[in-house]
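Subject: Structure for you to look through

Dear colleague,

I am handing over the structure we spoke about, and I would be glad if you read these notes with the model open beside you. Please take your time with each part.

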Amino acid sequence: MARLPYVDPETAPQAVGEVLAALPAQLNIFRMVANSTTALRGFLGLGTALLGSRTFDVRVRELVILHVGRISGGRYEWAQHVPIAKAVGCTDEQIAALEAGETAAACFSGVEAAALRFAEEAASDCRVGDETFAAAHEHLDAEQIVELIVIVGFYRMVAMLTEITDIEIDSSAGAAIIDAAKNRQARED
């Protein structure tokens, strides 16, 4: 049972209820974040920007999210993003390798392995070594490196939020969340 109440869109203040009602899925994480009217729009905006990005490879993003979730103990994050990872083309072999902590497995491409190593160091230490940075920068430009850092930070925070508040794992919204993020990004461009 969650340590804090989930916000009900029907009984929430009007502005919060409208934001929640506009979401493609009423996931527990959104209803938990809605306890903070200050954070809600920013949280959703950043999450949408990351999921709708046109500059960062979606498969690499999902592998990084899963890896950060696993090393952070983010059970909710893992449950929500495995179906998304599969929907964008990540393989069962890659997901199994991440679950086992085998980020150097042969199933990962050069960019995937470099991003996973970068994510692990960043999530563990808030820093990455020169060799790790250089390996990632061989595959990713400056914009993508910054986006990778933000992905790691955001999903580390998501893991903290879901684990500290004991959010119950609900059914994955999968591709609906990704499609909504892409549509929102397209409207904002």
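Below is what was found, beginning with a pocket and going on to a helix and some charged pairs.

Please keep in mind throughout that this is a predicted model.

The largest pocket has a volume of about 610 Å³, and its lining is made up of 31 residues, with L23, P24, F30, L44 and T48 lying nearest the centre. Several helices take part in this lining, since at least two residues come from each of α1 (14-21), α2 (28-33), α3 (37-51), α5 (75-87), α9 and α10 (175-188). If you sort the lining residues by character, you will find 20 nonpolar, six polar and five charged.

Helix α9, which covers residues 142-164, is a good place to look next, and E147 is found in it. This glutamate is buried and yet has no salt bridge, for the nearest side chain of opposite charge, that of R61, is 6.9 Å away. When neighbours within four places in sequence are left aside, E147 is in contact with L50, S53, T55 and F56. As for R61, its salt bridge is with E62, where the closest N and O atoms are 3.0 Å apart, and both R61 and E62 are buried.

V150 also has its place in helix α9. With a relative accessible area of 31%, V150 is partly exposed, because that class takes in values between 20% and 50%. V150 and L50 are 100 residues apart along the chain, whereas their C-alpha atoms are separated by 8.3 Å; again leaving aside neighbours within four places in sequence, V150 is in contact with L46 and L50.

How many salt bridges does the count come to? The count comes to seven, and one of them joins the side chains of R3 and D166, at 3.8 Å from N to O. That pair links distant parts of the chain, with R3 in the segment before α1 and D166 in the loop between α9 and α10, 163 residues apart. R3 is exposed, at a relative accessible area of 59%, while D166 is partly exposed, at 31%.

Another salt bridge is formed by R75 and E163, whose closest N and O atoms are 3.0 Å apart; here R75 in helix α5 is linked with E163 in helix α9, 88 residues away along the chain. R75 is partly exposed at 49% relative accessibility, and E163 is partly exposed as well, at 22%. Finally, R117, E121 and E131 are linked in a network of salt bridges.

With best wishes

Definitions and conventions
Residues are numbered from 1 along each chain as its sequence is written. This is a predicted model: local features need pLDDT of at least 70, side-chain atom pairs count only at pLDDT 80 or more; totals for chains, interfaces and linings use all residues. Side-chain values use heavy atoms; hydrogens and water are left out. Helices (H or I, at least four residues) and strands (E, at least two) are DSSP runs, numbered from the N terminus. Buried means under 20% relative accessible area, exposed over 50%, partly exposed in between (1.4 Å probe, protein chains only). Lys and Arg count as positive and Asp and Glu as negative; His and the chain ends are not counted. A salt bridge is a side-chain nitrogen of Lys or Arg within 4 Å of a carboxyl oxygen of Asp or Glu. Contact means heavy atoms within 4.5 Å. On a 1 Å grid over the protein atoms alone, a cavity is a set of points where a 1.4 Å probe fits but cannot get out, and a pocket is an open set with protein on both sides within 12 Å along at least five of seven lines; lining residues have an atom within 4 Å of a point. Grid points are joined across faces, edges and corners, and a volume is the space filled by probe spheres set on the points. Ala, Val, Leu, Ile, Met, Phe, Trp, Tyr, Cys and Pro count as nonpolar, Asp, Glu, Lys and Arg as charged, and the others, Gly among them, as polar.
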